[in-house]
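This briefing concerns the surroundings of a bound ligand and of the metal ions in one protein model. Please consult the sequence and the structure shown here alongside the points below.

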Amino acid sequence: CAMSKFASPSPKVGVAVFLLKGNSVLLGRRRSSIGHNTFALPGGHLEFGESFEQCASREVKEETGLDIEQVELLTVTNNVFSHEAKPVHMVVIFMRAVLADPDQVPQLLEPEKCYGWDWYNWNNLPEPLFGPFETMVRSGFDPFPAHQNN
Ligand SMILES: CC(C)CCOP(=O)(O)OP(=O)(O)O
Ligand SMILES: [Mg+2]
Ligand SMILES: [Mg+2]
Ligand SMILES: [Mg+2]
């Protein structure tokens, strides 16, 4: 059947990474059609045949040059961006990881997609946060390992 011009695109899958360092998390201000000018975790679209861990490591490497380890699944959320210029339905898989080399410094490898990466204390996050991430923070989500006191 002819695609109705009102048909909405099918849901996409994004992988976002809580890269933890002490009590801080790595965030970048997005320069993108989705969540422009909001602070977001590094991450991106799951590509064909990738595991969640492979996508997390690839996207963090592509965007920041950082090598990560101890990559593990935290949670999944369902996000419909209906007010954006192009409506998007994005299932977001949230992962946690740490730096393979604690001294490695993030680089801005995709300046056309991000204004810069920086470490932010979990108790003093910048604003505005990227929608799916803000929902998690507002719900009281704690990405840190249970034994770590914040
Ligand atoms: C959850 C979120 C990081 C998914 C959005 O993906 P993105 O716009 O950062 O996509 P790419 O990094 O793959 O370009
Ligand atoms: Mg990317
Ligand atoms: Mg990508
Ligand atoms: Mg990205």
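The points that follow cover the ligand site, its polar contacts and the metal ions.

The model is predicted. Ligand 1 occupies the largest pocket, and nine residues need not be sought one by one, since the shell is listed below.

**Shell around ligand 1**
- The surrounding residues are Arg30, Gly43, Gly44, His45, Glu59, Glu63, Met90, Val92 and Lys113.
- At least two shell residues come from each of β4 (43-45), α1 (52-64) and β6 (88-99).
- Strand β4 provides the largest share of the shell, namely three residues.
- Sorted by class, the shell comprises four charged, three polar and two nonpolar residues.

**Polar contacts and coverage**
- In the side chain of arginine 30, an N or O atom lies 2.8 Å from an oxygen atom of ligand 1.
- A polar backbone atom of glycine 43 is 3.0 Å from an oxygen atom of ligand 1.
- For histidine 45, a backbone N or O atom is 3.0 Å from an oxygen atom of ligand 1.
- On its own, ligand 1 has 390 Å² of accessible area, of which the protein covers 88%.

**Magnesium ions**
- Gly43 (O) and Glu63 (OE) coordinate the magnesium ion (ligand 4) at 2.1 Å.
- Glutamate 63 coordinates both this ion (ligand 4) and the magnesium ion (ligand 2), and the two ions are 3.2 Å apart.
- Because glycine 43 belongs to strand β4 and glutamate 63 to helix α1, the pair ties together parts that are 20 residues apart in sequence.

Technical notes. Residues numbered from 1 in each chain as written. Chains lettered and ligands numbered in written order. Predicted model: local features only at pLDDT ≥ 70, side-chain atom pairs only at ≥ 80, totals over all residues. Heavy atoms only, no water. Near = heavy atom within 4 Å. Polar contact = N/O pair within 3.5 Å; in protein donor to acceptor, adjacent residues only side chain to side chain. Areas by Shrake-Rupley, 256 points an atom, 1.4 Å probe, with all protein chains shown as cover. 1 Å grid on protein atoms, 1.4 Å probe; cavity = no way out; pocket = protein on both sides within 12 Å on 5 of 7 lines; lining within 4 Å. Sits in = over half its atoms within 2 Å of the grid points. Helix = DSSP H or I, 4+ residues; strand = E, 2+ residues; numbered from the N terminus. Nonpolar A, V, L, I, M, F, W, Y, C, P; charged D, E, K, R; others polar. Donors = N, O, S within 2.8 Å, 3.2 Å for Na, K, Ca; no water.
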